[in-house]
Amino acid sequence: MKKQRIDPLWGQAFRPAAELQPGATPQFFIPGCAGPVWPRWGSRVIRLAAILTALSVCGPVFAQEDQPQPNQRQRRREQVTPAPWPPLRLPDGQPDISGYWDPAIGGTYSLTNPSRGGVGLQDQLGIPRKKNPSRIIDPADGEIPYLPWAREKQKYIAANINEPVKEEFIDPQARCLPDGPIRATFWHTVHILQYPGYVIFNYEGNHPHRIVPLDGRPALGDSIKLWMGDSRGHWEGNTLVIDVRNNNSKSRLSNVGDFASENLHIVERYTFLDGKSMRYEARMDDPAVYTRPWTIASDFHRTHTDPTYEQWEEACHEGERNVDDSLDLSRAATAK
Amino acid sequence: MKQTFSRPKTPAWLLAAAIACCPLLFAEAPAGSPAIPRAADGKPDLSGIWQVLNPANWDIQDHQAQPGVPAGQGIVEGNEIPYQPWALAKKKENYEKREQLDTVTAKCYLPGVPRINYLGLPFQIFQDSKVITVLYEYAHANRDIYLSNAEHPKGHIDWWMGDSRGHWEGDTLVADVIDFNDQTWFDHAGNFHSDQLHVVEKYTLADHDHMNYQVTIEDPKVFTRPWNMNVVLYRRTEKNVQLLEYECYAFPLEKYYP
């Protein structure tokens with residue numbers, strides 16, 4: 001695979017300056033904000049002031065969990081030409097949004113405190129970490145509105161994940177089970193392909209796929225439940241709306257035991273804002289588990305924009321060796 | 001000056017004879033069979049849901065029925081697999097222990113190529129001019145057959161499903177597949193290969209609803225010469241048919257979740 005240089009804060013591939021149109025106005029990616037800032041003034045002092053202002057306005061990105069390593073930050077930022085917008089249309093009329101998309105913060109450890117990487121270990125060791133904003137935008141308190149019995153179940157799972165003595169405490173993702181539509185969206189990169197009458201998701205993490213027909217065909221019967229649910233989509237302008245039913249919900253929603261039942265009904269909205277940004281919102285409705293519907297959301301940005309990038313095999317289940325060991329170790333430790 | 005052209009006169013009897021005798025001259029599919037669909041770039045459009053009807057997944061050679069296994073006429077050309085002597089002995093040992101050793105039936109591992117295509121579960125082909133993406137119902141397997149980048153990456157890579165690079169030869173999609181591990185079998189009967197396996201697949205639409213799938217197997221560590229398999233893929237034509245899921249490694253775990 002051809003190596004590509006990636007903007008460490010924005011996830012996009014660099015294009016060499018030589019490829020730019022002559023006379024293009026330089027742009028600066030201000031971390032933490034959507035879109036580039038275009039300082040049109042010549043003075044270096046004014047540009048610096050603009051950057052500092054943007055940093056204070058757009059939020060403390062550098063305080064977040066997944067900031068780049070210092071040597072990456074020092075790389076010279078080259079200039080990237082934004083994709084043209086409004087989008088090109090595919091022959092069947094869909095806006096062309098195919099490619100790879102990353103959330104603002106990836107990782108499925110927690111929905112209310114989204115964090116990437118070994119945060120479970122951090123928590124176990126008592127290492128303090130800054131809380132990231134909840135992915136839940138409705139209700140306003142950022143918490144999942146569980147029914148009382150469901151909140152007890154979630155807390156029960158969360159209390160036991162670090163020393164799992166029962167199968168139910170093993171995270172399904174550790175077993176390489178398909179993540180379900182919500183969890184797959186936030187775990188690793190979302191790969192979207194488009195064909196006449198279809199949108200396809202082939203998620204980079206373990207490659208579960210979703211085939212979303214756009215032809216208005218009826219939903220599957222209720223008695224078929226699927227790990228990745230069953231999707232029916234349509235476009236509203238530049239927003240892809242997907243109705244997801246027939247969820248078996250067995251992959252849970254996070255490491256810390258967030259869950260839904262097989263009654264879960266999801267309505268996703270992917271709003272494509274320009275060539276490289278997208279706003280994702282998903283309405284989660286499950287009266288068996290929640291007191292009311294709730295909404296999970298994130299900004300997304302394009303990644304892997306090198307056209308020679310290829311998504312290669314990930315054989316998770318075939319390579320998995322440790323889960324049964326962790327059960328054995330926990331049981332032995334608990335027995336002492 | 002006005003020119004006049006005299007056309008050669010074709011006798012009517014000759015025309016009638018040609019039409020009666022040689023329908024293939026007119027390059028149409030046989031009567032009653034829908035014509036081959038074409039993509040925007042003029043290539044045959046392989047898109048759709050496909051599935052085999054034969055039991056080659058159990059044994060790619062001629063075999064009789066066993067409990068749970070239908071009898072089958074083999075898909076191997078000549079019905080003989082040209083094993084080297086040591087490999088024939090190993091195949092027999094594999095067969096004796098197939099219930100433990102076949103990682104597809106015992107562990108729900110990926111089946112490799114070409115077994116994924118005659119496993120017996122449906123798969124859906126999505127086609128454009130740069131890549132053919134195939135999504136399988138079995139264990140969410142997927143393959144990308146790259147058309148725009150014909151070079152295999154620097155190997156050797158131990159993949160379950162190999163690396164596939166394709167091109168069109170007339171109306172046949174030819175896929176060259178290498179970079180396999182040695183963990184997969186060609187069937188449940190213990191027919192195996194090494195990591196030097198090289199598969200050449202040929203996909204040719206016979207008509208709208210049937211595809212001829214021919215495979216050439218080459219593996220100098222295991223076989224004395226290349227050999228071929230031939231399979232017919234049938235299009236699933238039921239109204240609103242779609243892929244479902246067969247997440248077999250989840251079956252013993254489902255009860256613990258959510």
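Trainee: In this predicted model, is strand 5 (residues 209-213) of chain A enclosed or open?

Mentor: The model is predicted, and a residue is called buried when 20 or more other C-beta atoms lie within 10 Å of its own. By that criterion, four of the five residues of strand 5 of chain A are buried, so the strand is, with respect to the rest of the structure, largely enclosed.

Trainee: Which way do strand 4 (residues 198-202) of chain A and strand 5 of chain A run, parallel or antiparallel?

Mentor: Strand 4 of chain A is joined to strand 5 of chain A by five bridges. Within this hairpin, six residues lie between the strands, and Asn206(A) adopts a positive phi near 70°. The direction of the two strands is antiparallel.

Trainee: Which residue in strand 5 of chain A stands opposite Ile200(A)?

Mentor: The strands concerned, 4 and 5 of chain A, are linked by five bridges. The residue facing Ile200(A) is Ile211(A).

Trainee: How many residues of helix 5 (residues 180-187) of chain A are buried?

Mentor: The buried residues of this helix include Arg183(A), Thr185(A), Phe186(A) and Trp187(A). Gly180(A), Pro181(A), Ile182(A) and Ala184(A) are buried as well. Helix 5 of chain A is thus described as mostly covered, and the count is eight of its eight residues.

Trainee: Where do the buried residues of helix 4 (residues 148-160) of chain A lie around the axis?

Mentor: In helix 4 of chain A, the residues Ala150(A), Gln154(A) and Ile157(A) are buried. They cover an arc of only 65° around the axis, which means that they share one side of the helix. Pro148(A), Trp149(A), Glu152(A), Tyr156(A) and Ala159(A) are exposed on the other side. The buried residues therefore lie on the same side of helix 4 of chain A.

Trainee: What distance does helix 4 of chain A reach from its first C-alpha to its last?

Mentor: This helix has 13 residues, and 18 Å is expected at 1.5 Å a residue. The model comes close to that figure, with a reach of 19 Å.

Trainee: What share of the residues in chain A is buried?

Mentor: Chain A has seven helices and ten strands. Of its contacts between residues at least 6 apart in sequence, 59% join residues at least 24 apart. Among the 336 residues in chain A, the buried share is 33%.

Trainee: Over which residues of chain A is the pLDDT below 50?

Mentor: Chain A has a mean pLDDT of 80, with 75% of its residues at 70 or more. The stretch in question has 95 contacts in the model beyond near neighbours in sequence, yet its pLDDT is below 50; it comprises residues 1-82.

Trainee: How many nonpolar residues are on the side of chain B that touches chain A?

Mentor: In the model, 28 residues of chain B are in contact with 33 residues of chain A. Strand 2 (123-127), strand 3 (131-136) and strand 4 (142-146) of chain B each give two or more residues to this side. By class, the side has seven polar and three charged residues, and the nonpolar ones number 18.

Trainee: Is Glu238(B) buried or exposed?

Mentor: Glu238(B) is located in the segment after strand 9 of chain B. A residue counts as exposed if 12 or fewer other C-beta atoms lie within 10 Å. Because Glu238(B) has 7 such atoms, its class is exposed.

How values were computed: Residues numbered from 1 in each chain as written. Chains lettered and ligands numbered in written order. Predicted model: local features only at pLDDT ≥ 70, side-chain atom pairs only at ≥ 80, totals over all residues. Contact = placed C-beta atoms within 7 Å. Nonpolar A, V, L, I, M, F, W, Y, C, P; charged D, E, K, R; others polar. pLDDT = per-residue confidence, 0-100. Pairing = 2+ DSSP bridges. Expected span 1.5 Å × (residues − 1). Arc of directions from axis to C-beta.
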